[in-house]
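I opened the notebook to record what I looked up in this structure, beginning with a single residue and working outward to the whole chain.

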Amino acid sequence: MAEAAKDPAKLPPGMTPGLDTTQVQNPAGATFPNGCHIAELEIDPDSGVTTILRYTVVDDFGVTINPMMLEGQVHGGVVQGIGQALLEETVYDNDSGQLLSGTFMDYAMPRADNLPNFSFTTRNVPCKANPLGVKGAGEAGAVGAPPALINAIVDALHHKGVRHVDMPATPSRVWQALHAAG
């Protein structure tokens, strides 16, 4: 079939030989996915350890082509965001500049015991800016998780005077913020 498509004698009049094609889509406007991440957590005031009890995501991605793959993509992004917000820190020696967290023994990445079960739901509204009605989904989990977690930490410690915690909110940083506030 591919060989026949290359032979102009075997094609209808006016048809270009070959299997190559080009399509350009100029959308009428941008697509804007929407979502909400909610983290419920507990903080041990003696150690600064943060435990995520529940994590809920509701997103609008327009028309969903593969719901199961989409859910897995959001879960993976949330895990990446949890790592960024609570665990992952690049540490350098102050004197030499030597990287001190260059192996997975020294660089804390999220593991199953750091994660809760996720509640994921979509409330999709088709996009009118493209013929498929789809919206972007690639960064949704990773973008929503860090602010949801840091805001939940600050909210949990607000009554103690904590107004800010830098990422990653490691147990040490949370403990220091808690005790510096009074």
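**Entry 1: Lys135 and its surroundings**

I began by listing the contacts of Lys135 and, leaving aside neighbours within four places in sequence, I found Thr31, Phe32, Pro33, Asn34, Asp60, Phe61, Gly62, Val125, Pro126 and Cys127. I note before going further that the model is a predicted one. I then placed Lys135 in the chain, and it falls in the loop between β3 and α3. Is Lys135 buried or exposed? I found a relative accessible area of 14%, and because buried means under 20%, Lys135 counts as buried. I also checked one pair from the contact list, Lys135 and Asn34, which are 101 residues apart along the chain and have their C-alpha atoms separated by 9.0 Å.

**Entry 2: Tyr55**

I turned next to Tyr55, which I located in strand β2, residues 50-60. Its relative accessibility is 1%, so I entered Tyr55 as buried. Which residues does Tyr55 touch, not counting those up to four places away in sequence? I wrote down His37, Ile38, Ala39, Val78, Pro116, Asn117, Phe118, Ser119, Gly144, Ala145, Ala148 and Leu149. For a longer reach I took Tyr55 and Ala180, which lie 125 residues apart in sequence and 28 Å apart in space, C-alpha to C-alpha.

**Entry 3: Cysteines**

I looked for disulfides, keeping in mind that a disulfide is a covalent bond between the sulfur atoms of two cysteines. I counted zero disulfides in the structure. I also looked up how two cysteines are covered: Cys36 is partly exposed, with a relative accessible area of 39%, whereas Cys127 is buried, at 11%. Cys127 had already appeared in my notes as one of the contacts of Lys135.

**Entry 4: Loop residues**

I checked Asp20 and found it in the loop between α1 (2-6) and β1 (34-43). Asp20 has a relative accessible area of 80%, so I marked it as exposed. The C-alpha atoms of Asp20 and Pro33 are separated by 32 Å, although the two residues are 13 apart along the chain.

Arg111 sits in the loop between α2 (67-87) and β3 (118-122), and I marked Arg111 too as exposed, with a relative accessible area of 52%. Between Arg111 and Val174, 63 residues apart along the chain, I noted a C-alpha separation of 20 Å.

Where does Pro168 lie? I placed Pro168 in the loop between α3 (140-157) and α4 (171-180), and I recorded that the peptide bond from Met167 to Pro168 is cis, with omega near -10°.

**Entry 5: The whole chain**

I then stepped back to the fold, for which I counted four helices and three strands. Read from the N terminus on, the elements run α-β-β-α-β-α-α. The radius of gyration is 24 Å, well over the 16 Å that the globule rule gives for 182 residues, so I describe the protein as more spread out than a compact globule. Along its principal axes the C-alpha trace spans about 85 × 45 × 30 Å.

I also noted that 30% of the 182 residues count as buried. Of the contacts between residues at least 6 apart in sequence, 60% join residues at least 24 apart.

**Entry 6: Surface and charge**

For the accessible surface I entered about 11900 Å², with 55% of it belonging to carbon and sulfur atoms. Last, I looked up the charges, which come to 10 positive and 19 negative, and I found their mean positions to be 10 Å apart.

How values were computed
Residues numbered from 1 in each chain as written. Predicted model: local features only at pLDDT ≥ 70, side-chain atom pairs only at ≥ 80, totals over all residues. Heavy atoms only, no water. Disulfide = S-S within 2.5 Å. Buried < 20%, exposed > 50% of the residue type's maximum accessible area, 1.4 Å probe, protein only. Helix = DSSP H or I, 4+ residues; strand = E, 2+ residues; numbered from the N terminus. Rg over C-alpha atoms; globule rule 2.2 N^0.38 Å. Contact = heavy atoms within 4.5 Å. Areas by Shrake-Rupley, 256 points an atom, 1.4 Å probe, with all protein chains shown as cover. Lys, Arg positive; Asp, Glu negative; His and termini not counted. Charge placed at Lys NZ, Arg CZ, Asp CG, Glu CD.
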